[in-house]
Amino acid sequence: MSAIKKLPYYYNGLLLVFCVVGLIYFRSILLPLAYALCFGVFVYPLYRWGRAWRLPKSVNVASVSLVFLVVSSLLLYLFAFSIQGWLDFFNSHGKELMGVQESFLAYLDWFNLKEYFIDQKITEHIMSILQFFSFSIVNYLSLFALSFVFYVFLFVAPEKHLEMVLDFKQTGALLRTYIKIKFFISFFTAMAVSLIFIAFDIKYWESVSILVFILNFIPNLGSIVATLLPLPMFYFSYDIGPEFWFLILSTSIVQFTLGNMIEPKIMGNFLNIPGIIVVFFLLVWGKVWGALGVFFAVPSLIFLSQINPKFKRLFA
C-alpha cells in the first residue's frame, strides 16, 4: 500500500518534466493554439448570441472569424507602427546615444568597472533584451495565420465540444472578465500617458503609447517596464531638467494609480492572486514561450483554478 501511495508523486514529477519539455519543444504550435483559445473564449458570447437568434452556424463562424482577423490585423499593425517609431527615434539620435554610452563608460571607469561593460558586451546585453521582447513581423504573421486555422477549426466543432472547451466551468467567465478589466485599465493608462506626452511635445509619443497599452496587459512587471520605457525620449527632449523629472513623476503617478490602486480594487472582486505567484508564472512562461508567453501567466492560473481545487482559493 505504501508503494502505491508513492506512485502519484513520481507520476506528478514525470508529468511536470514532460509538460515543460513539451511546452518548449512544441512552442511554435502551442503558442498559436493558446492565442486561439483565449481569443475564442473572449468572443464566445458573440457566437452564442448568434445561435440564440438561430443564425446558421456558417454565419456565426464567419462573423467570429472576421472579428479575429480584424483584431489580430490591428494588433499587428500597431506593433509594426510602434517598432518603426522606435527605429526612427534611435536613428535620429544615434550620435547622442553614442555620447551617452561614452559618458556611462567614463563614469564606470571611476570605479574600475569599465572592463566589465565594454562596448561589445553592452551591445550584447541590449540585443538580448530586444530579442526577448520582440519578434519579427514574419514570425507574427505566421503565428496569427496558424492561430486562425486553430480558431476556425475550434468553432466548426460540434456545439457540445465547443461549449466544453470555451466555457469549461467558470474559466470562460473569469477569463473574459480579466481581459475586459486589463483592456480598460491599459487603454486609460495609455490615453493618460499620451496626453502628458502631447502636452510636453514628446516626439514619437504614439510609439510609446502603443507599447504602454500592450505592456500593461502584463501584470506587475508590465507597468514598471512601461514607466522606464520613455526615459530616453524624456532625456533627449529636456535633458536632466525640471521637465524631465516632472515627466517621470507624472507618468509614474498614472501607472501607480491605475495599475496599483484602481486595478487591484476591481480585480479583488473576483481575483485574489498573490504577487509572488504572478511573478513566478511570468518568469516561467517567459522562459518557456519567450516574450509572448508572459501574457498567458494569469490565463494559465485561471485555467488551473478550475482543474485543481488547490488553486481555487486564488479566485474569490
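## Report on a helical chain

In this predicted model, the mean pLDDT of the chain is 80, and 77% of its residues reach 70 or more. Residues 1–7 have a pLDDT below 50, and in the model this stretch makes zero contacts beyond near neighbours in sequence.

**Overall make-up.** The secondary structure of the chain consists of 14 helices and zero strands. Read along the sequence, the pattern is therefore α repeated from the beginning to the end, as α-α-α-α-α-α-α-α-α-α-α-α-α-α. The chain has 316 residues, of which 37% are buried. About 19,200 Å² of the chain is exposed, and carbon and sulfur atoms supply 73% of this area. Contacts between residues at least 6 apart in sequence can also be considered: 74% of them join residues at least 24 apart.

**Helix 1 and the nonpolar patch.** Val17, Val21, Tyr25, Phe26 and Ile29 make a nonpolar surface patch of about 520 Å². Helix 1, which covers residues 2–25, gives the largest share of this patch, namely three residues. Residues three or four places apart in an α-helix point the same way, because the helix has 3.6 residues a turn. Tyrosine 25 is located in helix 1. Is tyrosine 25 buried or exposed? Tyrosine 25 is exposed, because its relative accessible area of 64% is over the 50% cut-off.

**Helix 7 and glutamate 163.** Helix 7 spans residues 159–166 and contains glutamate 163. With a relative accessible area of 45%, glutamate 163 is partly exposed, because partly exposed residues fall between the cut-offs of 20% and 50%. Which residues does glutamate 163 touch, not counting those up to four places away in sequence? They are Tyr44 and Phe168. Glutamate 163 and valine 41 are 122 residues apart in sequence, and their C-alpha atoms are 9.6 Å apart in space.

The accessibility of the two residues discussed above is set out here.

| Residue | Relative accessible area | Class |
|---|---|---|
| Tyrosine 25 | 64% relative accessible area | exposed |
| Glutamate 163 | 45% relative accessible area | partly exposed |

**Helix 11 and the residue after it.** Helix 11 runs over residues 231–238, and within it Met233, Phe234 and Phe236 are buried. Aspartate 239 follows helix 11, and the phi of aspartate 239 is positive, near 55 degrees.

How values were computed. Residues are numbered from 1 along each chain as its sequence is written. This is a predicted model: local features need pLDDT of at least 70, side-chain atom pairs count only at pLDDT 80 or more; totals for chains, interfaces and linings use all residues. Side-chain values use heavy atoms; hydrogens and water are left out. Buried means under 20% relative accessible area, exposed over 50%, partly exposed in between (1.4 Å probe, protein chains only). Helices (H or I, at least four residues) and strands (E, at least two) are DSSP runs, numbered from the N terminus. Patches are made of residues with over 30% relative accessible area and no salt bridge: like charges are joined within 9 Å, nonpolar side chains (Val, Leu, Ile, Met, Phe, Trp, Tyr) within 5 Å. Accessible areas come from the Shrake-Rupley method with a 1.4 Å probe; for residues, only the protein chains shown count as cover. A salt bridge is a side-chain nitrogen of Lys or Arg within 4 Å of a carboxyl oxygen of Asp or Glu. pLDDT is the predictor's confidence in each residue, from 0 to 100. Contact means heavy atoms within 4.5 Å.
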